[in-house]
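Colleague: Could you take me closely through one part of this model, and set that part in its surroundings? I would like the terms spelled out as you go.

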Amino acid sequence: MDRFATTVPFQRRDAMDQRKQLIEAFNSLCLDLAGADLSDSEYPIQMVNRLITLAAEMRASDVHLQPSSLGLELRLRIDGVLHCCGFIPPSNAQRVMARLKVMADLVHYRHDLPQEGRIIFADRNQEMRISVLPTLHGEKIVLRFLSGPGHFRSIDELGYPPDVAESLRGLLQETMGAIVVTGPAGSGKSSCLYACLRELTLGSDGIRRSIASLEDPIEVAVDGVAQTEVNPSVGLDLASGLRYLLRQDPEIIMMGEIRDRETADAVLQASLTGHLLLTTFHAGSASEAISRLLEMDLEPYLIRSSLRAVLSQRLVRRLCTCARPSDDPSEACGLPVEEFFLPTGCEKCAGTGFAGRLALVELLTIDSSEVGRAILAKSDSRTLEGKAVESGMIPRLQRGIDAVLRGQTCPAEIRRAFGFLSDDRFLPAGQSDLRFDAGPSLLPADFTSADPAENPEPGDRAAMDERAISRVAEECVSQGNGNDRQTRPSLSGELTLAAEGGSDAAAADDTSR
Ligand SMILES: [Zn+2]
């Protein structure tokens with residue numbers, strides 16, 4: 001418990017600093033609009049434009065507008081962590097939501113329907129996906145940036161270790177087989193696939209191959225790829241779409257996701273018949289992806305013959321140059337590291353201590369006969385991982401420890417990415433020296449809930465991490481901002497504001513791009 005207690009303040013301080021910066025930026029936005037006439041039809045237009053600009057400047061990947069009894073809460077996901085900025089009161093909330101729906105060509109007068117669409121900002125070369133869903137207090141809107149400067153464009157920009165990037169390029173030269181990318185939501189699976197597609201369209205040997213994709217939905221347009229979006233209302237789902245696609249004489253197919261046995265079977269069959277398939281699959285690790293395919297009752301020989309590689313990744317936040325060195329074992333979060341760096345915060349990183357993200361990646365290739373035999377024997381994920389490591393795979397946790405030793409990230413980030421629980425399923429057989437030695441001492445009491453939802457499978461770690469982070473954020477709200485949040489009805493009529501100040505956090509953060 002002691003060791004955990006020493007690690008939390010860093011996350012909390014980090015969350016508080018960033019939250020303060022965001023609140024200041026949001027407040028300055030509200031102050032700028034304070035003089036505006038609320039009845040003016042330009043008001044929601046201005047408000048939305050400023051919100052999107054704020055989100056882009058803060059390098060947010062997602063914008064959440066969540067209704068609550070206090071108003072419409074604005075939250076931004078930055079480097080994988082969700083931060084609250086403040087509230088837009090209910091009277092203006094409706095107009096802001098309506099404006100967003102109009103921009104996305106959605107039905108703005110219906111509030112009882114789930115809706116999806118896109119908003120294109122031609123002037124700033126930016127595109128956002130919008131999702132609207134009715135909730136208890138009204139519609140919740142989530143916007144996701146689809147393209148723009150923050151998105152990776154090539155394999156080199158993914159930040160993979162040189163050995164993984166080189167292997168991946170080699171795999172893309174194959175003419176048949178399936179390459180599967182796994183990881184939780186928001187771990188960069190799509191960025192990886194799109195980077196692979198762009199690499200393939202370049203045609204390094206001067207030969208352009210026939211490339212097609214089947215996606216749900218199309219997130220980014222890639223020149224040179226015939227992209228098709230599924231449309232279940234006309235019977236075009238992933239499995240049937242693949243059958244149609246195969247008649248279009250494709251050589252390379254990117255299929256958005258393996259969702260069930262039917263799509264898994266279709267993907268593996270297609271990859272056996274002279275096509276290179278790229279797809280994603282939800283699994284906790286590379287070996288777990290294979291064992292999950294085996295559990296779907298797919299024939300082991302089919303998996304053995306068609307699967308070329310499984311790439312599994314997690315994203316952690318990269319330390320800013322202002323990080324400070326430490327050799328305090330209590331701050332190592334149980335990782336086997338003696339000297340490492342911790343976040344501090346400077347103007348360049350907007351006080352967060354982090355700038356950008358780093359992919360912790362493992363690449364399991366099926367070319368070794370040992371791994372192949374383990375698949376044919378329907379081995380469990382632990383055995384598969386052990387065989388893969390014997391054949392040269394470097395597991396993600398080892399990549400994470402290496403990244404800490406190189407000063408690229410801090411121990412708490414590795415904990416956030418891989419979970420707080422000591423779990424030997426992350427470690428291959430015979431590598432118990434890498435196991436977190438912290439055990440239950442690192443586990444806060446409320447993490448040992450008997451509720452199975454609180455003890456998720458590794459594949460659900462991200463959700464658990466999110467809960468942990470949001471709990472930290474909630475503590476910040478209750479402990480750090482309990483006194484300084486003020487409701488100031490005088491300002492622009494009714495804006496609810498938190499904290500004082502107005503530093504140009506957005507501009508400062510922008511320099512770290
Ligand atoms: Zn910094």
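Modeller: What follows is a close look at Arg 314, its strand and the core around that strand.

This is a predicted model, in which local features need pLDDT of at least 70 and side-chain atom pairs count only at pLDDT 80 or more, whereas totals for chains, interfaces and linings use all residues. Residues are numbered from 1 along each chain as its sequence is written.

The protein chain has 15 helices and 17 strands, where helices (H or I, at least four residues) and strands (E, at least two) are DSSP runs numbered from the N terminus. Arg 314 lies in one of these, strand 12, which covers residues 307–319. Arg 314 counts as buried because it has 30 C-beta neighbours inside 10 Å; the term buried requires 20 or more other C-beta atoms within 10 Å of the residue's own, while 12 or fewer means exposed and anything in between partly exposed, with C-beta atoms placed from the backbone. Across the 513 residues of the protein chain, buried residues make up 44%.

Leaving aside neighbours within four places in sequence, Arg 314 is in contact with Gly 183, Ser 187, Leu 360, Arg 396, Ala 417 and Phe 418, a contact being two C-beta atoms, placed from the backbone, that lie within 7 Å. From C-alpha to C-alpha, Arg 314 is 9.1 Å from Thr 182, although 132 residues separate the two in sequence. For the protein chain, among contacts between residues at least 6 apart in sequence, 67% join residues at least 24 apart.

Thr 182 appears again beside Val 310, which touches Val 180, Thr 182, Ala 286, Ala 289, Ile 290 and Leu 364, not counting residues up to four places away in sequence. Val 310 is also, with Leu 197 and Val 267, among the residues with the most contacts inside the largest nonpolar core, which has 85 residues; such a core is a set of buried Ala, Val, Leu, Ile, Met, Phe, Trp, Tyr and Cys residues joined through C-beta atoms within 7 Å. Strand 15, residues 354–365, gives the most to this core, with 8 residues. A second, separate core of 38 residues includes Ala 56, Leu 106, Ile 119 and Met 128. In soluble globular proteins, nonpolar side chains tend to be buried together.
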